[in-house]
Number of protein chains: 2
Amino acid sequence: MAGKKQFDVDTALEAAMTRFWRAGYADTSLDDLSAATGLNRSSIYSSLGDKESLYLRCLDRYATRYGEKYDQALSRASEEPSRAIREFFDVTLARIADPGVPDGCLIAQTAMAVPVLSPAIAARAIEALGFQRTRLRTALTAAQVADADGLAVHFAAVNQSLAVMSRAGASRKQLRAIVDVSLRALSRALDA
Amino acid sequence: MAGKKQFDVDTALEAAMTRFWRAGYADTSLDDLSAATGLNRSSIYSSLGDKESLYLRCLDRYATRYGEKYDQALSRASEEPSRAIREFFDVTLARIADPGVPDGCLIAQTAMAVPVLSPAIAARAIEALGFQRTRLRTALTAAQVADADGLAVHFAAVNQSLAVMSRAGASRKQLRAIVDVSLRALSRALDA
DNA sequence: ACCATCCTGAACTGCTTGGTTCAAGATACG
DNA sequence: CGTATCTTGAACCAAGCAGTTCAGGATGGT
């Protein structure tokens with residue numbers, strides 16, 4: 001197959017992202033990516049770039065996709081803050097419950113490997129986490145919650161903790177319990 | 001240098017553990033371990049075993065060392081639960097603040113890599129996390145707190161989240177804020 | 001002084017890694 | 001039909017990997 005038609009770059013990118021997400025950067029070889037995407041090594045290299053730039057593209061893809069979902073969940077924070085934060089966590093819980101997608105979180109995985117990753121990749125992961133915190137802080141500020149800063153970083157952290165715990169085989173019930181304690185803390189802050 | 005004296009196995013194990021802790025299993029080669037311990041490749045192999053069994057020994061070493069500290073922090077939970085949990089988190093915060101030791105957490109790092117690690121290593125990490133939850137649940141039950149189970153898994157998760165956030169360069173202030181929200185949730189649970 | 005003991009450096013194996021090149025083949029369009 | 005365009009598989013490279021072996025040198029105990 002050749003001539004003018006090209007393979008679907010988007011599909012290949014999705015497969016590569018999923019592989020990186022499950023196994024991490026170090027444990028994903030070009031052969032793994034080749035097998036996952038169905039593309040030849042040379043095709044990956046010529047149309048998706050080398051391993052590092054491909055990883056960066058996957059990071060962006062991941063951050064954009066779930067960033068939009070988080071934004072949507074938080075969009076009505078000023079009217080119903082409790083519900084907004086609950087829906088924020090539901091985005092993560094639904095992702096973990098989805099059998100078509102790996103456990104964990106690509107951003108969290110990248111953050112854990114910061115000391116051994118290239119500065120460019122490390123910076124992108126840290127940036128994404130910072131963006132998540134900002135997202136939450138903006139929503140909580142709009143809802144006029146006391147200590148919006150502290151709660152924002154707490155929720156961002158608890159969200160990441162779900163990635164770790166899901167990798168360790170935590171049940172959905174346990175993941176829900178983790179979130180519930182944080183949601184109760186928000187309720188108290190709203191009462192005051 | 002040879003004859004009858006041996007190098008200090010304990011010192012070597014400590015160096016290996018630190019290296020694994022910082023860089024993870026995949027990104028630590030035998031040459032890295034050799035450089036870190038100051039031992040020859042063949043010395044590592046003959047007296048510490050292969051890479052996998054050495055990693056297991058490091059995991060145990062880590063779990064035992066900090067497990068004791070966590071136990072100590074929680075020992076007076078029935079009398080002063082709030083203080084006990086605060087001191088529990090202080091163990092982690094002090095470890096992260098210690099410049100002589102890497103950020104993050106060896107257990108969390110291992111948990112994140114579960115899908116690509118050997119079953120033996122994966123099982124040990126999951127076991128360690130389960131033990132942490134049990135430790136907390138026992139303490140909270142002794143303190144007669146409502147929803148000890150939910151709080152235990154929440155605290156265990158938040159504790160792991162500190163590893164992720166510290167790797168992403170979070171400040172001590174931010175890490176403290178993450179913990180504070182959880183501690184407030186405990187206070188409310190104790191009031192009720 | 002001697003000998004048993006242990007460590008060390010170096011080498012070697014077989015394999016995988018990321019990266020790159022290129023000729024051959026398949027297609028679509030004029 | 002012919003030609004320009006694109007993909008593909010295979011091969012190649014230098015490097016790094018884990019694991020293992022072994023001869024030789026340094027040491028401690030006697």
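Here are some short exercises, each with a worked solution, on a predicted model with chains A and B.

**Exercise 1. Work out how helices H8 and H9 of chain A run relative to each other.**

Let's start with the two stretches: H8(A) covers residues 148-167 and H9(A) covers residues 172-191. Their axes come within 10 Å and cross at roughly 170°. An angle over 145 degrees counts as roughly antiparallel. That makes H8(A) roughly antiparallel to H9(A).

Now look at who does the touching. On the H8(A) side you'll find, among others, A:Leu151, A:Phe155, A:Val158 and A:Leu162. H9(A) answers with residues including A:Leu175, A:Ile178, A:Val179 and A:Leu186. Sorted by class, this contact holds ten nonpolar and five polar residues, and no charged ones.

**Exercise 2. Find out how chain B is related to chain A.**

Try laying chain B on chain A: a turn of 180° does it, with a shift of 0.0 Å along the axis and an RMSD of 0.0 Å. That is the relation of a two-fold axis.

Next, which C-alpha of chain B sits nearest that axis? It belongs to B:Ser161, 2.3 Å away from the axis. As for the contact surface, the same one serves both copies, and 100% of the contact residues of chain B recur in chain A.

**Exercise 3. Describe the side of chain B that touches chain A.**

Count first: 39 residues of chain B are in contact with 39 residues of chain A. Then ask which helices of chain B each supply at least two residues to that side. They are H1 (9-23), H6 (106-112), H7 (119-142), H8 (148-167) and H9 (172-191). The largest share, twelve residues, comes from H8(B). By class, this side of chain B has 23 nonpolar, nine polar and seven charged residues.

**Exercise 4. Work out how H9(A) and H9(B) pack, and name the residues in contact.**

The two axes are 9 Å apart, and the helices pack at an angle of about 75°. Angles of 65 to 115 degrees count as roughly perpendicular. H9(A) and H9(B) are therefore roughly perpendicular to each other.

The contact is made by A:Val181, A:Arg184, A:Ala185 and A:Arg188 on one side, and by B:Val181, B:Arg184, B:Ala185 and B:Arg188 on the other. That comes to four nonpolar and four charged residues, with no polar ones.

**Exercise 5. Sort the faces of helix H2 of chain B into buried and exposed.**

H2(B) runs over residues 30-37, and its buried residues are B:Leu33, B:Ala36 and B:Thr37. Seen down the helix axis, these fall within an arc of 85°, so they line one face of the helix. The cover over them includes H1 and H3 (41-48) of chain B. Turned away from the buried side are the exposed residues B:Asp31 and B:Ala35. Just after the helix, B:Gly38 takes a positive phi of about 80°.

**Exercise 6. Locate A:Gln144 and B:Asp147, and decide how exposed they are.**

Take A:Gln144 first. You'll find it in the loop between H7 (119-142) and H8 of chain A. Its phi is near 55°, a positive value in a residue other than glycine. A:Gln144 has 10 other C-beta atoms within 10 Å, so it is exposed.

Over in chain B, B:Asp147 lies in the loop between H7 and H8. B:Asp147 isn't a glycine, yet it has a positive phi of about 55°. With 15 other C-beta atoms within 10 Å, B:Asp147 is partly exposed.

Conventions: Residues numbered from 1 in each chain as written. Chains lettered and ligands numbered in written order. Predicted model: local features only at pLDDT ≥ 70, side-chain atom pairs only at ≥ 80, totals over all residues. Axes fitted to C-alpha atoms, helices over the stretch in contact; angles between N-to-C directions. Helix = DSSP H or I, 4+ residues; strand = E, 2+ residues; numbered from the N terminus. Parallel < 35°, antiparallel > 145°, perpendicular 65-115°, else oblique. Contact = placed C-beta atoms within 7 Å. Nonpolar A, V, L, I, M, F, W, Y, C, P; charged D, E, K, R; others polar. Buried ≥ 20, exposed ≤ 12 C-beta atoms within 10 Å, placed from the backbone. Arc of directions from axis to C-beta. Least-squares fit on C-alpha atoms with pLDDT ≥ 70 in both.
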